[in-house]
Amino acid sequence: MIKKLIKDNLIFILPFVFIWLVFFCLLLYYGKINCHLLLNTFHTTFGDYFFKNITEVGGSIPFIILGLLFLYNYRIALFLGLSQGLSSLITHIIKRIMQMPRPSVVFQELGINIPIVDGVDLHHTLSFPSGHTTTAFATFFVLAIIVKNKYLKILFLIIALLGGYSRIYLSQHFITDVLAGSLIGMLSVIIISPIFYEKKWGNSNIIETIKRLSYGKKAIKNK
């Protein structure tokens, strides 16, 4: 089942693996401090506005999507919810163990000024791994799995990548945090997938359930 899932979604997985390896090599060569400075120095007014908002693909948006999916299909909604839950659990356990400082703290100690985006409240602790990135990749990998259109799969990958990069742009996380978060998100989906991928159960939704309950009440009244 997992082999088939991977084969059916290579258009999402292969570019992700390639990009992940490129940035991992960049990290090995420059180190996380220089990588952050390299990836974070070029700011524009549009970039500040765009990344301040696109970062929500790892924040509130996944939970809105989860709620909407219950209106569409219980099984898919549970697939997404459990993937998000597992990835969040793993992320928070690692965060508590590692207790890594955020970029704002590290660069302040180094005496280096980094660009600050207006309206963004910089966090100080629990940097590794990035929870927003974890949630973004768990969410949009599930969405890529459930759609057949290859262009939508690519779009979902781009959205997840932008969500991950936004955490660096906003100086909420280092590249190490984002790489780890993206990997946790992807692996969590793969671990959960055998329960849900291409199964036949749960192909109903809240609207259909409400209709059945309503018809059942009417039938009881007519007796």
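Where does Asp 118 lie? Asp 118 is found in the loop between H6 and H7, and this tour will come back to that loop after a look at the whole chain.

**The whole chain**

Begin with everything displayed, and keep in mind that this is a predicted model. Colour by pLDDT if your viewer allows it: the average for the protein chain is 93, and 96% of the residues score at least 70. Among the elements, helix H8 (residues 150-169) has the highest mean pLDDT, 98, whereas helix H10 (residues 206-222) has the lowest, 66.

Switch to a cartoon view, in which the protein chain shows 10 helices and 0 strands, so that, by the way such elements are assigned, the pattern read along the sequence is α-α-α-α-α-α-α-α-α-α. Turn the C-alpha trace along its principal axes, where the spans come to about 80 × 35 × 35 Å. Of the 223 residues, 43% count as buried. Among contacts between residues at least 6 apart in sequence, 84% join residues at least 24 apart.

With a surface drawn, the accessible area of the protein chain is about 12100 Å², and 70% of that area belongs to carbon and sulfur atoms. If you then colour by charge, there are 21 positive and 9 negative charges to find, and their mean positions are 17 Å apart.

**The loop between H6 and H7**

Now select Asp 118 again, in the loop between H6 and H7. Asp 118 counts as exposed because its relative accessibility is 66%, a value over the 50% cut-off. From the C-alpha of Asp 118, draw a distance to the C-alpha of Thr 41: the two residues are 77 apart along the chain, and the separation in space is 15 Å.

Move along to Leu 126, which is found in the same loop between H6 and H7. The phi of Leu 126 is near 55°, a positive value in a residue other than glycine. Is Leu 126 buried or exposed? At 16% relative accessibility, Leu 126 counts as buried.

Next, select Phe 128 and Pro 129 together, and look at the peptide bond that joins them: this bond is cis, with omega about -10°. Pro 129 also has its place in the loop between helix H6 (103-110) and H7.

**Helix H7 and a neighbour in H4**

Continue into helix H7, residues 131-146, whose 16 residues reach 23 Å from the first C-alpha to the last, close to the 22 Å expected at 1.5 Å a residue. Helix H7 is mostly covered, with 13 of its 16 residues buried.

Then select Ile 65, which has its place in helix H4 (residues 61-69). Ile 65 counts as buried because its relative accessibility is 18%, which is under the 20% cut-off. Which residues is Ile 65 in contact with, leaving aside its neighbours within four places in sequence? These are Leu 80, Thr 139, Phe 140 and Leu 143. For a view across the model, add Gly 31, which is 34 residues from Ile 65 along the chain, with 36 Å between the two C-alpha atoms.

**The end of H8 and the loop after it**

Select Tyr 169, which lies in helix H8. At 2% relative accessibility, Tyr 169 counts as buried. Show the residues around Tyr 169: apart from neighbours within four places in sequence, Tyr 169 is in contact with Asn 40, Phe 42, His 43, Thr 44, Gly 47, Asp 48, Phe 51 and Val 117. Of these, Val 117 is 52 residues from Tyr 169 in sequence, and the C-alpha atoms of the pair are 8.8 Å apart in space.

Go on to Ser 171, which lies in the loop between H8 and helix H9 (175-196). Ser 171 has a positive phi of about 60° although it is not a glycine, and at 0% relative accessibility Ser 171 counts as buried.

**A last stop in H3**

Finish with Tyr 49, which lies in helix H3 (residues 45-54). Tyr 49 is exposed, with a relative accessible area of 55%. Draw one more distance, from Tyr 49 to Lys 199: the pair is 150 residues apart in sequence and 41 Å apart in space, C-alpha to C-alpha.

Conventions:
Residues are numbered from 1 along each chain as its sequence is written. This is a predicted model: local features need pLDDT of at least 70, side-chain atom pairs count only at pLDDT 80 or more; totals for chains, interfaces and linings use all residues. Side-chain values use heavy atoms; hydrogens and water are left out. pLDDT is the predictor's confidence in each residue, from 0 to 100. Helices (H or I, at least four residues) and strands (E, at least two) are DSSP runs, numbered from the N terminus. The expected span of a helix is 1.5 Å times one less than its number of residues. Buried means under 20% relative accessible area, exposed over 50%, partly exposed in between (1.4 Å probe, protein chains only). Contact means heavy atoms within 4.5 Å. Accessible areas come from the Shrake-Rupley method with a 1.4 Å probe; for residues, only the protein chains shown count as cover. Lys and Arg count as positive and Asp and Glu as negative; His and the chain ends are not counted. The place of a charge is taken as NZ of Lys, CZ of Arg, CG of Asp or CD of Glu.
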